[in-house]
Amino acid sequence: MRSRNQLIEDWGRLLRAAPEDIEALLKRAPYQYKHYQIDKRTGGKRDIYHPAPRLKALQRWLVSEFLADLPVHDSVYSYRTGRGIRDHAKLHIHSNFLLRLDFKDFFPSIDHAWLSRFLLEHSEQGRLALDPEAVAAVMRVVCRYSKADRSLALSIGAPSSPALSNAVLFDADGAAATACADLECIYSRYADDIYVSSREKDVLNRAERKVREIFARHAPKLRFNEAKSLNVSKKLKRVVTGLTLTPDRHLSVGRDLKRSIRTQVHLYACGKLDVADVPRLCGLVSYVRDVEPHFFEALSTKYGAQPLERLYRNEQSRKVGAVSG
């Protein structure tokens, strides 16, 4: 069981700082975030709060040393090594009806009181090797102070937030997965999106009521964004984490993205694509090769295998360079 003093010593070695410097960092930690916005894929802006470099280093260390060992339910596919959006979407590929529920303000809803209670319970039960005073220090590191509502909570942008959000919802995910399985439905969660699928429409409606009841009981501070709730059949477009489930039981990146990729590949093959746009196209080509290999093969046939392979190799080289740097 790690004490607060031992934790301060660990962090001092990590940052090559004296204990008093770490104590000073802890006092300032909830306020050490840089705010900026990025465009949402569906329109609008998303607020990101990026921790200061030294604070971010402590958060990453906590994930590798402690938080990664907290239990995460098998139905969760977000922020997990070896799992991606393709694996997640394949879960629902044989279903005829799909429900999606979206949480509003997901990370900020997981506040200091909820998270502290959760970590202290795990400490008392021996599942987290930190004593209560060490847990209090951890809370200073992983929670951001919001001036808007004077709250302490998780934030988008902190590397510790994904692991903590997955862990704190273990019981809710487990109960929801069991309830859905009893109704012969498939339950999964990817970050702030819940997906439930079924072969029968009426059963899916019952599963939705169960899931809502379970999260109201296990995670009452989370709220669903009703404007983003979706219940569709096989006759309509069904999308799971950005991938379209086709009527013939395959995964697709969607018509709009395919059209955009075709245009960009054509320009690239003709030497007319802006150099600044090449890295993004490399990523898209790698993405479709993994998700929809038949489309990649069709591109190779139309525009030539050499340009496509060159784009794919460029993506791999970029990844290797990023890792080695």
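Trainee: Why does Arg 150 count as exposed?

Mentor: Arg 150 has a relative accessibility of 70%. The cut-off for exposed is over 50%, so at 70% Arg 150 is exposed. Bear in mind that we're talking about a predicted model here. As for its place, Arg 150 is in the loop between β4 (144-146) and β5.

Trainee: What makes the phi of Arg 150 worth a remark?

Mentor: The sign. Most residues other than glycine have a negative phi. Arg 150 isn't a glycine, and its phi is positive, near 55°. Tyr 79 is another such case, with phi near 60°. You'll find Tyr 79 in the loop between α3 and α4 (85-90).

Trainee: Is Tyr 79 buried, exposed or partly exposed?

Mentor: Partly exposed, at 44% relative accessibility. Buried would need under 20% and exposed over 50%, so 44% lands in between.

Trainee: How do you know that Leu 62 is buried?

Mentor: Its relative accessible area is 0%. Buried means under 20%, so Leu 62 qualifies. Leu 62 is part of helix α3 (residues 53-65). From its C-alpha to that of Val 141 is 9.2 Å, though the two are 79 residues apart in sequence.

Trainee: Which residues of helix α7 are buried?

Mentor: Val 141 is one of them; the others in α7 (residues 132-142) are Ala 134, Val 135, Ala 137, Val 138, Met 139 and Val 142. The N-terminal end of α7 has a cap, too: a side-chain oxygen of Asp 131 sits 3.2 Å from the backbone nitrogen of Glu 133.

Trainee: Why is the pair Arg 2 and Asp 10 called a salt bridge?

Mentor: The closest N and O atoms of Arg 2 and Asp 10 are 2.1 Å apart. The cut-off is 4 Å between a side-chain nitrogen of Lys or Arg and a carboxyl oxygen of Asp or Glu, so this pair passes. The partners fall into separate classes: Asp 10 is buried at 12% relative accessibility, whereas Arg 2 is partly exposed at 24%.

Trainee: What makes the Arg 4 and Glu 23 bridge a link between separate parts of the chain?

Mentor: Start with the contact, which is 2.7 Å from N to O. Arg 4 belongs to helix α1 (residues 4-15) and Glu 23 to helix α2 (residues 19-28), so the bridge ties together parts 19 residues apart in sequence. Both ends are in the range between 20% and 50% that makes a residue partly exposed: Arg 4 has 24% and Glu 23 has 28%.

Trainee: How do you know that Lys 258 and Glu 292 form a salt bridge?

Mentor: Their closest N and O atoms are 2.7 Å apart, and the limit is 4 Å. Lys 258 is in helix α11 (residues 255-269), while Glu 292 is in the loop between α12 (278-291) and α13 (293-303), 34 residues away. Both partners are buried.

Trainee: Which residues are joined into one network by salt bridges that share partners?

Mentor: Arg 2, Asp 10 and Arg 13. Over the whole structure, the search turns up 11 salt bridges.

Trainee: What makes Arg 206 eligible for a patch of positive charge?

Mentor: A patch member needs over 30% relative accessible area and no salt bridge. Arg 206 has 43%, which counts as partly exposed, so it clears the area cut-off. It gathers with Arg 209, Lys 210 and Arg 217 on the surface. Arg 206 is in helix α10 (residues 201-218).

Trainee: Why is the pair Thr 241 and His 88 called a polar contact?

Mentor: Their side chains come to 3.3 Å, and the limit for N or O atoms is 3.5 Å, so the distance fits. Thr 241 is in the loop between β10 (238-240) and β11 (243-245). With a relative accessible area of 14%, Thr 241 is buried.

Trainee: Where is Gly 157?

Mentor: In the loop between β5 (151-153) and α8 (161-168). At 27% relative accessibility Gly 157 is partly exposed, and its C-alpha is 11 Å from that of Cys 143.

Trainee: How many helices and strands does the chain have?

Mentor: The chain comes to 14 helices and 12 strands. Of its 325 residues, 45% count as buried, and the C-alpha trace spans about 65 × 50 × 35 Å along its principal axes.

Conventions:
Residues are numbered from 1 along each chain as its sequence is written. This is a predicted model: local features need pLDDT of at least 70, side-chain atom pairs count only at pLDDT 80 or more; totals for chains, interfaces and linings use all residues. Side-chain values use heavy atoms; hydrogens and water are left out. Buried means under 20% relative accessible area, exposed over 50%, partly exposed in between (1.4 Å probe, protein chains only). Helices (H or I, at least four residues) and strands (E, at least two) are DSSP runs, numbered from the N terminus. A polar contact is a pair of N or O atoms within 3.5 Å; within protein, one must be able to donate a hydrogen and the other to accept it, and residues adjacent in sequence count only if both atoms are side-chain atoms. Patches are made of residues with over 30% relative accessible area and no salt bridge: like charges are joined within 9 Å, nonpolar side chains (Val, Leu, Ile, Met, Phe, Trp, Tyr) within 5 Å. Accessible areas come from the Shrake-Rupley method with a 1.4 Å probe; for residues, only the protein chains shown count as cover. Lys and Arg count as positive and Asp and Glu as negative; His and the chain ends are not counted. The place of a charge is taken as NZ of Lys, CZ of Arg, CG of Asp or CD of Glu.
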